Amino acid sequence: MDVESRDWLVDLSYPIKEGYGELPGHPPTKITSIHTHAEHGRSNAYLSMSIHLATHVDAPYHFYANGRSIDKEPLNKFCGPAVLLDLRSKCRPNYGFTAADLEESMTITGLREIAGLRVLLHSGWAKNYGSREYYTINPYLTPAAATWLVQKGVNLVGLDFPPDCRGGLDPTVHQILLREDVCILENLVNIEQIPDTIFELICLPIKIAGAGGAPARALARSLKGDHDE
């Protein structure tokens with residue numbers, strides 16, 4: 001990342017590998033070799049995993065039978081200007097981020113409106129990814145906070161913590177956001193490396209037909225024009 005030239009790029013995605021970041025209640029990730037360099041002169045593998053593992057996007061069909069599946073969502077929802085809301089000062093285990101917390105963080109950015117933007121919420125909880133605590137004592141969004149995001153007219157919400165309390169045992173926040181077609185970009189990492197409050201998000205979920213979500217590669221980079229002459 002070259003911050004001095006204002007031309008920077010940050011990878012916000014977790015790797016997919018066996019035994020890492022496993023999601024409670026979902027089958028474990030398996031990567032099985034089909035061909036190897038030693039035996040076949042090439043490498044091929046079979047991947048079996050939950051589509052809601054690691055860095056991924058939830059689409060409305062995840063909770064609503066008549067909602068859009070991930071392959072039907074417009075790509076401009078996932079790519080474009082984004083804003084970073086810093087919640088680290090509030091973060092602690094089992095804490096529910098409130099609408100007031102989000103409003104305060106937005107005020108600090110200097111923005112008065114965030115309609116049409118993609119919003120990334122930075123709690124610092126990513127340090128616990130891969131541990132049991134990540135899903136059992138996680139901070140989360142309160143229903144009022146989720147409603148605040150809907151009312152603000154955001155395109156997408158990205159987080160470095162599970163959005164629902166107790167790792168999703170109560171899916172109310174998912175339901176509030178997805179009911180209004182606000183997709184959820186979950187399990188982000190390296191948000192602390194983003195040097196600007198406003199930046200460009202590039203998020204490309206795999207095009208899985210008829211699915212309620214998909215693994216994604218998510219990147220943040222300086223907005224076009226920030227480093228142009």
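Select Ile184 and show its surroundings: leaving out residues up to four places away in sequence, Ile184 touches His56, Val57, Asp58, Val157, Leu159, Pro163, His174, Leu177 and Leu178. Contact here means heavy atoms within 4.5 Å. Ile184 sits in strand S10, residues 183-186. For the element names, helices (H or I, at least four residues) and strands (E, at least two) are DSSP runs, numbered from the N terminus. Ile184 has a relative accessible area of 0%, so it is buried. The cut-offs are under 20% relative accessible area for buried, over 50% for exposed, and partly exposed in between, with a 1.4 Å probe and protein chains only.

Two quick notes before you move on. You're looking at a predicted model, where local features need pLDDT of at least 70 and side-chain atom pairs count only at pLDDT 80 or more, while totals for chains, interfaces and linings use all residues. Residues are numbered from 1 along each chain as its sequence is written, and side-chain values use heavy atoms, with hydrogens and water left out.

Now draw a distance from Ile184 to His56. The C-alpha atoms are 8.2 Å apart in space, and the two residues are 128 apart in sequence.

**Next stop: Pro205**

Val57, which you just saw beside Ile184, also touches Pro205. The other contacts of Pro205 are Ile70, Phe78, Ala214, Pro215 and Ala216, again not counting residues up to four places away in sequence. Pro205 lies in strand S11, residues 198-205, and counts as buried at 14% relative accessibility. For a long ruler line, try Pro205 to Gly19: 186 residues apart in sequence, and 22 Å from C-alpha to C-alpha.

**Then His52**

Is His52 buried or exposed? At 11% relative accessibility, His52 counts as buried. You'll find it in the loop between strand S3 (44-48) and strand S4 (56-58). With neighbours within four places in sequence set aside, His52 is in contact with Leu23, His26, Asp58, His62, Gly212 and Gly213. Asp58 is one you have met already, as a contact of Ile184.

**Salt bridges**

Switch on side chains. How many salt bridges does a search of the whole structure find? There are 11, each being a side-chain nitrogen of Lys or Arg within 4 Å of a carboxyl oxygen of Asp or Glu.

Start with Asp11 and Arg217, whose side chains meet at 2.7 Å, N to O. Asp11 is in strand S1 (residues 9-11) and Arg217 in strand S12 (residues 213-221), so this salt bridge ties together parts 206 residues apart in sequence. Asp11 counts as partly exposed, at 27% relative accessibility.

Then pick Glu104 and Lys90, a salt bridge of 3.4 Å, N to O. Glu104 belongs to helix H2 (residues 99-109), while Lys90 is in the loop between strand S5 (79-86) and strand S6 (96-97), so the pair ties together parts 14 residues apart in sequence. Glu104 is partly exposed at 41% relative accessibility, and Lys90 is partly exposed at 25%.

Step back to Glu103, which meets Lys152 in a salt bridge of 3.9 Å, N to O. This pair links distant parts of the chain: Glu103 is in H2 and Lys152 in helix H4 (residues 143-152), 49 residues apart. Glu103 counts as partly exposed, at 31% relative accessibility.

For a network of salt bridges, select Arg68, Glu73, Lys77 and Asp181 together.

**Around helix H2**

Now colour H2 by burial. Its buried residues are Asp101, Leu102, Ser105 and Met106. They cover an arc of only 130° around the axis, which puts them on the same side of H2; the arc is that of the directions from the helix axis to the C-beta atoms. What do they pack against? The partners are S5, S6, strand S7 (118-122) and H4.

Spin to the face turned away from that buried side, and you'll see the exposed residues Ala100 and Thr107. Just after H2, Gly110 takes a positive phi of about 90°.

**Last stop: a pocket**

Select Leu84, Leu85, Asp86, Arg88 and Thr197: among the 13 residues that line the second largest pocket, these lie nearest its centre. On a 1 Å grid over the protein atoms alone, a pocket is an open set of points where a 1.4 Å probe fits, with protein on both sides within 12 Å along at least five of seven lines; lining residues have an atom within 4 Å of a point. S5 and H2 are the elements that give two or more residues to this lining. The second largest pocket holds about 170 Å³ of space, the volume being the space filled by probe spheres set on the points, which are joined across faces, edges and corners.
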